[in-house]
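Got the viewer open? Let's take a short walk through this one, starting at the ligand and working outwards.

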Amino acid sequence: MKIPIIDLTDEVRLLGDEINQAISRVLQSGHFILGEQGRAFEEEAARYLGCKHAIGLNSGTDALVIALRALRIGPGDEVIVPSFTFYATAEAVELVGATPVFADISPDTFNVEPARVEACITSSTKAIIPVHLYGHASKMEPLLQIAKQYNLAIVEDTAQAFGGEYRGKKLGTFGQFGCFSFYPTKNLGAYGDAGMLTTDDDQLAELACKLRTHGSLIPYENERTGYNSRLDELQAAILRVKLAYVEQWNELRREVAASYTRLLRDVEDIVTPRVAGYAKHVYHQYTIRVRDGKRDNLHQELRQKGIGSMLYYPTPVHQLPVYSGHPMPSLPVTERMSGEVLSLPIWPHITLEKQQEVVSVLLSSLGKG
Ligand SMILES: *Cc1c(COP(=O)(O)O)cnc(C)c1O
């Protein structure tokens, strides 16, 4: 049996009719950018998350860039980010001309460790971007405390954690901005590129709206240099259909995760994901650690046997080629984790039979089957 890391055909089968109707309504409306669907999606997403403003954009990367621009972060400024993330987190900082400073993580949640963040603060630090990696909340209370003490902004990279919570409150509603990606494989995925910003601040919201459309709210009165970064009506209509299912589908993901954890219990050399007491995990990824240097072989064997596991991420951001020749700190936990993590196939409707197959191939590859 071949099992991919994610199979989106299950959801298309379940929602195809609703989605086709939503698409066809947009086609009939003849309105494709900044219309009724986008506005309705923004309202519904803001209500779901419990924040004042949601602003639809082209991508999660643009959400990060526009958040930083709206906070007037630029050349000469430093922004503290984890290195254990997708490059886009640091790339956004580079794109506004500021400098990313990489903080080490906790091995339990794979998220930035507040004490390590605090140790990175200098007089140039302007913001922290915690990433809620794999769908697990960062430690928000200590991070907000640090931000307050040093007068820093918090921009949450919530790309992997739509619907995730910290102590009962939705992620993306803690900082000045929450940044979301609706890349098709994310927990709330569009059928193309799309993203969103959230904020409770009216002025920041207005500025972000301006920036997404060439720095103007009134056509042809451009006040700032901005972007063309709007959520289009087709993607908004698709996202509205899927938003109604996201809570239920995140619950299914938690059930899938619980099954893996049960099947992998007490397997030597495997560490199953931990969930901190403050977090409601949404398992964008189900990521185990494989110890004793066995990860790469296991990854290869799974691939040869048709099981789609992935390394998120094989190289920490501070060691990527884009930074070759730049002096970088050593980040021991990040570096160790990038050699141990292995993400297994997960999507809301993966069957228990497929999960059992994944685990049985995994055990036999480890010589335990
Ligand atoms: C997906 C992702 C992004 C970028 O989102 P896009 O919509 O692909 O631009 C940023 N940060 C993290 C952690 C991501 O997983």
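How far is a nitrogen atom of the ligand from an N or O atom in the side chain of Asp 157? Select both and check: the separation is 2.8 Å. Keep in mind as you click around that this is a predicted model.

Stay with the ligand and add Ser 181 to the selection. One of its polar side-chain atoms sits 2.6 Å from a ligand oxygen atom. Now pick Lys 186, where a polar side-chain atom comes to 3.0 Å from an oxygen atom of the ligand. With those contacts on screen, switch on a surface: the protein covers 92% of the 380 Å² of accessible area that the ligand has on its own.

Next, show the whole shell. You should have 14 residues around the ligand, and Gly 60 and Thr 61 join Asp 157, Ser 181 and Lys 186 as the closest. Colour the shell by residue class and you get five nonpolar, seven polar and two charged. For the helices involved, highlight α3 (60–70) and α4 (88–95), as each gives the shell at least two residues.

Time to zoom out a step, to the space itself. The ligand sits in the largest pocket, which holds about 510 Å³ of space. Select the lining and 29 residues light up. Which of them lie nearest the pocket's centre? Label Phe 86, Ser 181, Tyr 183, Lys 186 and Tyr 313. Ser 181 and Lys 186 you've already met, through their polar side-chain atoms at 2.6 Å and 3.0 Å from ligand oxygen atoms.

Recolour by class again, this time for the lining: 15 nonpolar, 10 polar and four charged. In ribbon view, α3 and α4 come up once more, now along with β8 (177–181), each supplying at least two lining residues.

Now for some backbone details. Follow Tyr 313 out of the pocket lining into its loop, between α9 (295–304) and α10 (332–338). Show the backbone atoms there: the peptide bond joining Tyr 312 and Tyr 313 is cis, with omega about 5°.

Last stop: jump to the loop between α7 (202–212) and α8 (233–263) and select Tyr 220. What is the sign of phi at Tyr 220? Positive, near 65°, in a residue other than glycine. Both of these backbone stops are worth a click because most residues other than glycine have a negative phi, and most peptide bonds are trans.

Technical notes
Residues numbered from 1 in each chain as written. Predicted model: local features only at pLDDT ≥ 70, side-chain atom pairs only at ≥ 80, totals over all residues. Heavy atoms only, no water. Near = heavy atom within 4 Å. Polar contact = N/O pair within 3.5 Å; in protein donor to acceptor, adjacent residues only side chain to side chain. Areas by Shrake-Rupley, 256 points an atom, 1.4 Å probe, with all protein chains shown as cover. 1 Å grid on protein atoms, 1.4 Å probe; cavity = no way out; pocket = protein on both sides within 12 Å on 5 of 7 lines; lining within 4 Å. Sits in = over half its atoms within 2 Å of the grid points. Helix = DSSP H or I, 4+ residues; strand = E, 2+ residues; numbered from the N terminus. Nonpolar A, V, L, I, M, F, W, Y, C, P; charged D, E, K, R; others polar. Points joined across faces, edges and corners; volume = space filled by probe spheres on them.
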